[in-house]
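Dear colleague,

I am passing on the structure we spoke of, and I would be grateful if you could look through it with the notes that follow.

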Amino acid sequence: MSELFPRIYPHVDVLLEAELKSTEEDFQVTEMLPFTPSGTGSHYWFFIEKRGLNTQEVAKRLAQLASIPVRDVGYAGMKDRHAITRQSFSVPVQAGTTPDWLSLESENLHFLEMTRHDRKLRRGVLKGNHFRLVLRHCQGESALWETRLQHLQKTGFPNYFGAQRFGHRNLQEVSRLLSGTARKMDRHQRGLLLSAARSALFNQVLAERVRQNNWNVLLAGEIVQLNGSHSIFLAQANEQESLQQRAAEWDVHPSGPLPGRGGLSPENQAALVEKQALDALPEESETLGNIRHWPQQLVAQDVDAARRALRARPDSLQYHWQDSSTLILEFSLPAGVFATSCIEALLGHEQVRADRLDLCVD
């Protein structure tokens, strides 16, 4: 992944070093929904704490106990196996049945809240996530850590999809899927692979914007995304000055492509940068096939195009030193933003321990 789709971070004179996720307790994430369940309705809603389990495994356990297909279990996003995570699930009520939900309790799964609501929890219905992270074996002057943390709050960081989005072999499977030689797979697996392909292409464009040092500003012809929203619009030349001011106030953001069919396309300078980034991909890779054709192949897969903000920043960031080499951070991020990308920007470089970073927070 890192060779063909490197995540580039803004230049810093000195790199910081730290270890993330030494233990599950070092990486804690709590979902934030945009509303509160009503307390009545045709679906059970659970707020569950888990460790050593991914989201799909919990959904399967709930479905088995309720005697329903796993596709009927609702959740807003995927959460890591190697962490302590708290997230909501919904299960439709079956007439005449009252499952013993607490029978699923174990050292790895706890029900924190149980209530009812009138509808299923849908993917993406998420305000954001709150994180508590412990960075161990920190190296670097304490004053430099302080400066970097303050800078992170002010300027944000490149909104890369983290390495964990791509797993160990997801992109190789993507190549087979898009070329029509993939093994048979279910809809969930297919969706994960198509998402990995789009994420990799987005990262490629963002990396080029970071190289050109324009990832944090609006270019001519930019597709602009409203803060906290999926709403986008094409920047007009006569609006450039006012939009730059809005971008400085974090009201709007530059965006990058999640390729597929349809959707708005950038123009002028913004379009040129995206073309340059995607044209730089090799026509043929030994492991990934013809990557340069992925955007067109995604159209053939009936995937709808979308956009993603090129930048993000931590909200309500708090931190303190537990000892001289252990830093504890707490902050919130919008839905779909990777905490690992935030930490990498703080350090100034991509981390290589992706074997333990299989978190996919949506």
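A search of the whole structure, which is a predicted model, finds one cavity of 30 Å³ or more, and the volume of this largest cavity is about 30 Å³. Its lining is made up of Glu-49, Lys-50, Arg-51, Ile-84, Glu-107, Asn-108, Leu-109 and His-110, and the elements that contribute two or more residues to that lining are strand S3 (43-50) and S6. Sorted by class, the lining of the largest cavity holds four charged residues, together with two polar and two nonpolar ones.

As for the overall layout, the protein chain is divided into domain 1, covering 35-117, and domain 2, covering 162-312. Between the C-alpha centres of domain 1 and domain 2 the distance is 32 Å.

A residue that you may wish to view next is Pro-99, which sits in the loop that runs between strand S5 (84-92) and strand S6 (109-117). Is Pro-99 buried or exposed? Its relative accessibility is 17%, and because buried means under 20%, Pro-99 counts as buried. Leaving aside residues up to four places away in sequence, Pro-99 touches Tyr-44, Leu-65 and Ala-66. With one of these, Leu-65, the separation in sequence is 34 residues, whereas the C-alpha to C-alpha distance between Pro-99 and Leu-65 is 6.6 Å.

The other element I would point out is helix H5 (residues 240-248), whose buried residues are Gln-240, Leu-243 and Ala-247. These buried residues cover an arc of only 65° around the axis, and they therefore lie on the same side of H5. As background to that pattern, an α-helix has 3.6 residues a turn, so residues three or four places apart point the same way. On the other side of H5, by contrast, Glu-241 and Ala-248 are exposed. What covers the buried residues of H5 includes four strands, namely strand S9 (223-226), strand S10 (232-234), strand S11 (252-258) and strand S13 (311-312). After H5 comes Trp-250, for which phi is positive, near 65°.

If you have time, please go through the cavity lining, the loop residue and the helix in that order, and let me know of anything in these notes that you would word otherwise.

With best wishes

Technical notes. Residues are numbered from 1 along each chain as its sequence is written. This is a predicted model: local features need pLDDT of at least 70, side-chain atom pairs count only at pLDDT 80 or more; totals for chains, interfaces and linings use all residues. Side-chain values use heavy atoms; hydrogens and water are left out. Buried means under 20% relative accessible area, exposed over 50%, partly exposed in between (1.4 Å probe, protein chains only). Contact means heavy atoms within 4.5 Å. The arc is that of the directions from the helix axis to the C-beta atoms. Domain bounds come from an automatic or database domain assignment. On a 1 Å grid over the protein atoms alone, a cavity is a set of points where a 1.4 Å probe fits but cannot get out, and a pocket is an open set with protein on both sides within 12 Å along at least five of seven lines; lining residues have an atom within 4 Å of a point. Grid points are joined across faces, edges and corners, and a volume is the space filled by probe spheres set on the points. Ala, Val, Leu, Ile, Met, Phe, Trp, Tyr, Cys and Pro count as nonpolar, Asp, Glu, Lys and Arg as charged, and the others, Gly among them, as polar.
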